[in-house]
Amino acid sequence: MSECKYKRVMLKLSGEAMAGKNGFGIDFEVAKRIATEIKELVDMGVQVGAVIGAGNIWRGREGGGMDRATADYMGMLATCINALALQNSLEDLGIETRVQSAIEMKEIAEPYIRRRAIRHLEKGRVVIFAAGSGNPYFTTDTAAALRAAEIEAECILLAKKVDGVYDKDPNKFDDAIKFDTLDYKQVIELGLTVMDSTAITLCMDNDIPIIVFALDEAGNIRKAATGEEYGTIIDNFAKEAAEDCQ
Ligand code: GTP
């Protein structure tokens, strides 16, 4: 089995990833498959933090006439449902996990405490960060970037439906071109919708590479983490090139 070059990673899963073909709710067969893939990383000795979205249950921005903050809070609660489902699937496989919530709900999950999260990771537990960053107007992508910086994850494994970042939507345009590598600044300048700009900027400022890959086939999380196969890597390539020239 290939070795993982990372000791600690942040896995970002979209809520839709849990929905399977239904496109809504939680498909426990799918949750089991994702858990099996995470287990592959844990078995390799990789410390895994995870942030999960909520699009399978509720999308803050599609709250109709609701005020944005309330719609976002509903989304944050929905991430907790997904976090507990993923925890259940991981524990079914014998993987120790802890769910930490950015919004205090002590009866259901531990509160988010950075140093405690790191201790859990050091003990080999998968830590699922629920309730986003606890703030409306921020996405779960931004929560993943923030928590990745806080726990000093070496990269973000960004699981998507498509196998990388394209110049336009590959589901709509046959001539869409995939990027193998991208600089953070290119993502912002080209307006690529891989992550929102707050999340990208956080990763750029904290030198956290983002590995974008498709979650559609078994083994892809491990393959992305080992560099065996992935779609696009987003990193500070321009800065590194400038430093090499000095
Ligand atoms: P160690 O200190 O390394 O043993 O970590 P631990 O998480 O096992 O310690 P602790 O004894 O604090 O937790 C035991 C269990 O209680 C774990 O499953 C935790 O997730 C859970 N737990 C701890 N604090 C809270 C909390 O505030 N709320 C909820 N709902 N569960 C908690």
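## Pockets, ligand site and sheet of a predicted model

The largest pocket has a volume of about 1,300 Å³. The structure described here is a predicted model. In total, 46 residues line the largest pocket, and those nearest its centre are R59, D141, K160, T193 and V194. Two or more lining residues come from each of the elements α2 (68-92), α4 (140-150), β6 (155-160) and β7 (165-166). Of the elements that contribute to the lining of the largest pocket, α2 gives the most, with five residues. By class, this lining comprises 15 nonpolar, 17 polar and 14 charged residues.

The second largest pocket holds about 290 Å³ of space. Its lining consists of 16 residues, of which E16, A17, R33, K161 and L215 are the closest to its centre. At least two residues of this lining are supplied by α1 (28-43), and at least two by β6. The element that gives the most to the lining of the second largest pocket is α1, with three residues. Strand β6 thus appears in the lining of the largest pocket and also in that of the second largest pocket. By class, the second largest pocket is lined by seven nonpolar, two polar and seven charged residues.

### Ligand site

The residues around the ligand are R98, K106, E107, I108, A109, E110, P111, R116, H120, K123 and R125. Three of the polar distances between the ligand and these residues are set out below.

| Ligand atom | Protein partner | Distance |
|---|---|---|
| Nitrogen | A109, polar backbone atom | 3.3 Å |
| Oxygen | R116, N or O atom in the side chain | 2.4 Å |
| Oxygen | R125, N or O atom in the side chain | 3.0 Å |

Taken alone, the ligand exposes 620 Å², and the protein buries 51% of that area. The shell around the ligand receives two or more residues from each of β4 (110-111) and α3 (114-122). Divided by class, the shell has three nonpolar, one polar and seven charged residues. Among the residues of the shell are the arginines R98, R116 and R125. An oxygen atom of the ligand lies 2.4 Å from a side-chain N or O atom of R116, and an oxygen atom of the ligand lies 3.0 Å from a side-chain N or O atom of R125. At A109, by contrast, the protein atom concerned belongs to the backbone.

### Sheet

Nine strands form an open sheet with mixed pairing, in the order β4-β3-β5-β2-β1-β6-β10-β11-β9. Its edge strands are β4 and β9 (181-183), each of which pairs on one side only. Strands of a sheet pair through backbone hydrogen bonds, in either a parallel or an antiparallel manner. Strand β9 runs parallel to β11 (residues 232-235), and three bridges join the two. T181 has I233 of β11 as its bridge partner.

The sheet also connects with the sites described above. Edge strand β4 is one of the elements that give two or more residues to the shell around the ligand. Strand β6, which stands between β1 and β10 in the sheet order, supplies residues to the lining of the largest pocket and of the second largest pocket.

Notes
Residues numbered from 1 in each chain as written. Predicted model: local features only at pLDDT ≥ 70, side-chain atom pairs only at ≥ 80, totals over all residues. Heavy atoms only, no water. 1 Å grid on protein atoms, 1.4 Å probe; cavity = no way out; pocket = protein on both sides within 12 Å on 5 of 7 lines; lining within 4 Å. Points joined across faces, edges and corners; volume = space filled by probe spheres on them. Helix = DSSP H or I, 4+ residues; strand = E, 2+ residues; numbered from the N terminus. Nonpolar A, V, L, I, M, F, W, Y, C, P; charged D, E, K, R; others polar. Near = heavy atom within 4 Å. Polar contact = N/O pair within 3.5 Å; in protein donor to acceptor, adjacent residues only side chain to side chain. Areas by Shrake-Rupley, 256 points an atom, 1.4 Å probe, with all protein chains shown as cover. Pairing = 2+ DSSP bridges.
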